[in-house]
2 protein chains.
Amino acid sequence: MENATFSPVSRVAICGGTHGNEMTGMYVVREMQRQEADQTGSVSITTVISNPRAVEVCRRYTERDLNRCFTKALLSSPITDSTPYEVRRAQEINALLGPKESQEAVDLLCDLHNTTANMGMCLIFYSLDWLTLHIYKYIQSNMTSAPVRALLMSSPKSEAYSLESVAIEVGPQPNGVLRADIFNMAKEAVDHTIEWLHKFNSGSTFEEGEVEAYTVVKSVDYPRDPTTNEITATIHPELQDNDFKLLQPGDPMFLSFSGETVKYEGEDLHPLFINECAYYEKKIAFHLAKKITVTLPSISVKKD
Amino acid sequence: MENATFSPVSRVAICGGTHGNEMTGMYVVREMQRQEADQTGSVSITTVISNPRAVEVCRRYTERDLNRCFTKALLSSPITDSTPYEVRRAQEINALLGPKESQEAVDLLCDLHNTTANMGMCLIFYSLDWLTLHIYKYIQSNMTSAPVRALLMSSPKSEAYSLESVAIEVGPQPNGVLRADIFNMAKEAVDHTIEWLHKFNSGSTFEEGEVEAYTVVKSVDYPRDPTTNEITATIHPELQDNDFKLLQPGDPMFLSFSGETVKYEGEDLHPLFINECAYYEKKIAFHLAKKITVTLPSISVKKD
């Protein structure tokens, strides 16, 4: 593969508190603000608490999930008295860090999230972008405290419902709780990202190589009572906390409240976000993904 | 010690959803309702979802912590338009299961709770009651899936802010999440309790013996910024998840966001409810308790 070159990545945004009950991101951002880490060498950093009203009340959102408000349609919708707070806030953030997909937008946006699932560190991408995938490879090689994996979402960028170039998910952590191990993981990933950008901007070449990533094939809902629509089972103890471990036909999947095991049927796939709190309202018990390998070209900064 | 006798324990209430985001209790109660487990031999069981409005929105409470509404003052306060929902609901529950401390009250009330802390199963008592302590001993001898411990609160019963004779706390579980292992632990404890009551009511003698229990000595808050009052550290990784393990002077206690360790100073004590989600708003990082040994007399049912 040929070497690919990119313009310097000089404007970066680090966001936390996009979901107001995911504590890691907001405390990483506040600590960066306290340390006034807004300019480090070749990189200018903007730190943002994305949803301060939700942070204030320690809830995922106040009226609408902010992380679903960055579609083209919502970003350009006129503001009226009945516009939900999060749609207004999405437009504010888009004015501050974007506009999305424009020349004025920040070069890289990292949005820090938590999950109650045992996901370790998972970077979520919305496109096969060599630059962010190289950052992923760098974080993966340098992080020792947790497994680092990547999840590639397939929606087109303009329709992607969130703003970020990369979402950094860390878990397991209960909502409304701040664990030191999870805080340190996220902080380390941010530090490695900024370190990578300095190296890149100052002329380092990052060699070609392969990375693994997951792509979601489908989502699985909990078993439900056909009359009440209430869940009748939860994740089986043998599946719980085994995110990324291959799920094969016959493996226990759910355990009903009266004690019956529901087994998995279907092709071998990797379960992700098992028993994620925020997915109950979305009727998702877990995602099922397949693993792909992506070959990256070597990359370096574009010379003038 | 002499044998102690008690009247039959024939009316029992099992409550869940006292905190609307603690999922175990509400699903144990719903499953008991589905199985119509309201009368099993010598025991009549009333099952209650304590705070249905909070359950509906999956929050701890809507206006006021229901578990702090069962004081004599609040139970007898007149209802006005501005009375919080939970105070009304406490009075409703008191009419249904009480009145508290009266002859008409249920003989035993078990209230099912969750904690985000690594507490295993912890039974919380408000008085040294031989009967409930014998149930604790029985559960402890028969549970294999988790350590079972007891916490003795010292407030007088009339001023105790909650209604229950015994609160069963199980964890760790994130709020808004339902884990099968934790569900099974709570269900097993309820089953053992009912089993014990049948044996007791039908004339079994429970032998004298000793049980261990914890009593809270003091609570410890997070380190805070003196100006903003925001927390500046979280639980140290070496303390996190080590509930009940003796904390000794010099042991790491907090890790600040900039990486400094704060060590414990003081007498040897046992930390409880470490990093419990609901305690952030109460400014409690964990409780510190001492261990006591209680000698129980043998007990049996009072013969007519």
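This passage looks at how chains A and B pack together and at some unusual backbone spots in the predicted model.

Start with the symmetry. Two copies of a chain are related by a rotation about an axis and a shift along it. Here, a turn of 180° with a shift of 0.0 Å along the axis lays chain A on chain B, and the RMSD comes out at 0.0 Å. That is how a two-fold axis relates two copies. Among the residues of chain A, P174(A) gets closest to this rotation axis, its C-alpha sitting 2.2 Å away.

The contact itself involves 30 residues of chain A and 30 of chain B. Of the interface residues of chain A, 100% are interface residues in chain B too, so the copies meet through the same surface. Putting the chains together buries about 2,400 Å², with carbon and sulfur atoms giving 60% of that area. On the chain A side, no other three residues supply more of the buried area than L178(A), R179(A) and F257(A), which account for 22%.

Polar links also run across the interface. Ten residue pairs are in polar contact between chain A and chain B, and four salt bridges turn up as well. One of them pairs E230(A) with R30(B), whose closest N and O atoms are 3.2 Å apart. As for secondary structure, α1 (23-34), α6 (180-201) and β10 (233-235) of chain A each put at least two residues into the side that touches chain B. The largest share, five residues, comes from α1(A). By residue type, this side of chain A breaks down into 14 nonpolar, nine polar and seven charged residues.

On to the backbone. Most residues other than glycine have a negative phi, and most peptide bonds are trans. The bond joining G171(A) and P172(A) is cis, though, with an omega of about 10°; P172(A) falls in the loop between β8 (166-171) and α6 of chain A. In chain B, the peptide bond from G171(B) to P172(B) is likewise cis, with omega near 10°, and P172(B) belongs to the loop between β8 (166-171) and α6 (180-201) of that chain.

Two positive phi values round things off. F244(A), not a glycine, has a phi of about 80°. This residue lies in the loop between β10 and β11 (252-256) of chain A and is buried, at 6% relative accessible area. N275(B), also a residue other than glycine, has a positive phi near 60°. Its place is the loop between β13 (270-272) and β14 (286-296) of chain B, where N275(B) is buried with a relative accessible area of 1%.

Methods. Residues are numbered from 1 along each chain as its sequence is written. Chains are lettered from A and ligands numbered from 1 in the order in which they are written. This is a predicted model: local features need pLDDT of at least 70, side-chain atom pairs count only at pLDDT 80 or more; totals for chains, interfaces and linings use all residues. Side-chain values use heavy atoms; hydrogens and water are left out. Contact means heavy atoms within 4.5 Å. Buried area is the accessible area (1.4 Å probe) that two parts lose on being put together, summed over both. A salt bridge is a side-chain nitrogen of Lys or Arg within 4 Å of a carboxyl oxygen of Asp or Glu. A polar contact is a pair of N or O atoms within 3.5 Å; within protein, one must be able to donate a hydrogen and the other to accept it, and residues adjacent in sequence count only if both atoms are side-chain atoms. Helices (H or I, at least four residues) and strands (E, at least two) are DSSP runs, numbered from the N terminus. Ala, Val, Leu, Ile, Met, Phe, Trp, Tyr, Cys and Pro count as nonpolar, Asp, Glu, Lys and Arg as charged, and the others, Gly among them, as polar. Copies are superposed by least squares on the C-alpha atoms of residues with pLDDT of at least 70 in both. Buried means under 20% relative accessible area, exposed over 50%, partly exposed in between (1.4 Å probe, protein chains only).
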